[in-house]
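Please open the model in a viewer and keep the sequence panel visible. The stops below each propose a selection and then describe what is found there.

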Amino acid sequence: MNHDSTSSTSARGTVRTLSQQEELPLLRDHLLRLDRTSRHDRFHGFIDDSFIRRYAERCANDGTVIIAYFEDGVVRGAAELHPPEQSPDAQPEIAFSVERSARRKGVGSTLFRKLITEAHAKGYGSLRITTGAQNDAMRALATKFGAQLTFRHGESTGSIDLTEQHQPEPAPPIAPVTPVEAARAIVDMNRAYWRMVMQMSGWGRAA
């Protein structure tokens, strides 16, 4: 897993991809700091500390890419890109978590953009995202980036088509020029030309 360059966000922190050696302690400590409601939203249930420790250890060893948001050297937000081999439908899955102190700063959107860039670099064609039915912020963020979400069994599950991300918008069509408009343009150009000639020769100056 490559160590990515650091980039700034609209908040006062920085974002970068963690190296494999950093993943276990930094991701684990970040997830352990999540409050009760945030843990429920992230893992779709009230999860104890032992589960989070095991989860972070698994992420550090199964090829999961962790893009982290730092404030003062501490990870306050993370985006996870799980490899397709870990998914039953062979589709890479993504997950997000942001500590309460770092919210409403654009952190989620920044992490989402970086994660999509990472997924493009790996050649993934789509991403799967699952979030709790009560996690309105995550569902809104996923929808913003093109996820088509469906509700089932207390969860919102959806897929993001990466082939539709960052597509250049088509140029607006150029209206054809009519013969009348073409003739008018020629007349205007001739008038401007002769006006310039008369001014240079002094004919157009007042006596």
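Begin by selecting D35 and T37 at the start of helix α2, in what is a predicted model. A side-chain oxygen of D35 lies within 3.1 Å of the backbone nitrogen of T37.

Next, extend the selection to the whole of α2, residues 36–43. Which residues of this helix are buried? They are S38, R39, D41, R42 and F43. To see what covers them, display α1 (20–33), α3 (49–61), β4, β5 and β6, which are among the elements responsible. Then step just past the end of α2 to H44, where phi is positive, at about 60°.

**The strands around β5**

Select strand β5, residues 93–98. Five of its six residues are buried, so the strand is largely enclosed by the rest of the structure. Add strand β4, residues 74–82, which pairs with β5 in the antiparallel sense over six bridges. Within this pairing, E80 stands opposite A95 of β5.

Now add strand β6, residues 126–132. Here the pairing with β5 is parallel and extends over two bridges. One point to label is E93, whose bridge partner in β6 is R128. To follow the connection between these two strands, colour helix α4, residues 107–121: the chain leaves β5, passes through α4 and arrives at β6, in a β-α-β crossover that is right-handed.

**Loops beside these strands**

Select E99, in the loop between β5 and α4. Is E99 buried or exposed? E99 counts as buried, because its relative accessibility is 6% and the cut-off for burial is under 20%. Show side chains here: that of E99 makes a polar contact with the side chain of R76, at 2.7 Å. Setting aside neighbours within four places in sequence, the residues in contact with E99 are H30, R33, L34, V75 and R76.

Stay in the loop between β5 and α4 and move to R104. R104 is exposed, with a relative accessible area of 87%. Its backbone also deserves inspection: phi of R104 is near 60°, a positive value in a residue other than glycine.

A further positive phi in a residue other than glycine is found at D72, where the value is near 55°. D72 belongs to the loop between β3 and β4 and counts as exposed, at 66% relative accessibility.

The loop between β4 and β5 contains A90, an exposed residue with a relative accessible area of 54%. Draw a distance from the C-alpha atom of A90 to that of R128: the two atoms are separated by 9.9 Å, although the residues are 38 apart along the chain.

**The nonpolar cores**

Hide the loops and select L81, I94, F96, L111, F112, L115 and L127. These residues have the most contacts inside the largest nonpolar core, which has 26 residues. Two or more residues of this core come from each of β3 (65–71), β4, β5, α4, β6 and α5 (136–144). Which element gives the most? That element is α4, with six residues.

Centre the view on L127 and display its surroundings. Not counting residues up to four places away in sequence, L127 touches L81, Q91, P92, I94, L115, A119, G158, S159, I160 and L162. A second, separate core of 15 residues can then be located by selecting Y55, C59, I66 and A78, which are among its members.

**The whole chain**

Finally, clear the selections and show the protein chain as a cartoon. The chain has six helices and eight strands, and their order along the sequence is β-β-α-α-α-β-β-β-α-β-α-β-β-α. How many of its residues count as buried? The figure is 39% of 207 residues.

Switch to a surface display to complete the tour. The protein chain exposes about 12,600 Å², of which carbon and sulfur atoms supply 53%. Among contacts between residues at least 6 apart in sequence, 59% join residues at least 24 apart.

How values were computed
Residues numbered from 1 in each chain as written. Predicted model: local features only at pLDDT ≥ 70, side-chain atom pairs only at ≥ 80, totals over all residues. Heavy atoms only, no water. Buried < 20%, exposed > 50% of the residue type's maximum accessible area, 1.4 Å probe, protein only. Helix = DSSP H or I, 4+ residues; strand = E, 2+ residues; numbered from the N terminus. Pairing = 2+ DSSP bridges. Right-handed = clockwise from strand over helix to strand, strands pointing away. Contact = heavy atoms within 4.5 Å. Polar contact = N/O pair within 3.5 Å; in protein donor to acceptor, adjacent residues only side chain to side chain. Core = buried A, V, L, I, M, F, W, Y, C linked by side-chain atoms within 4.5 Å. Areas by Shrake-Rupley, 256 points an atom, 1.4 Å probe, with all protein chains shown as cover.
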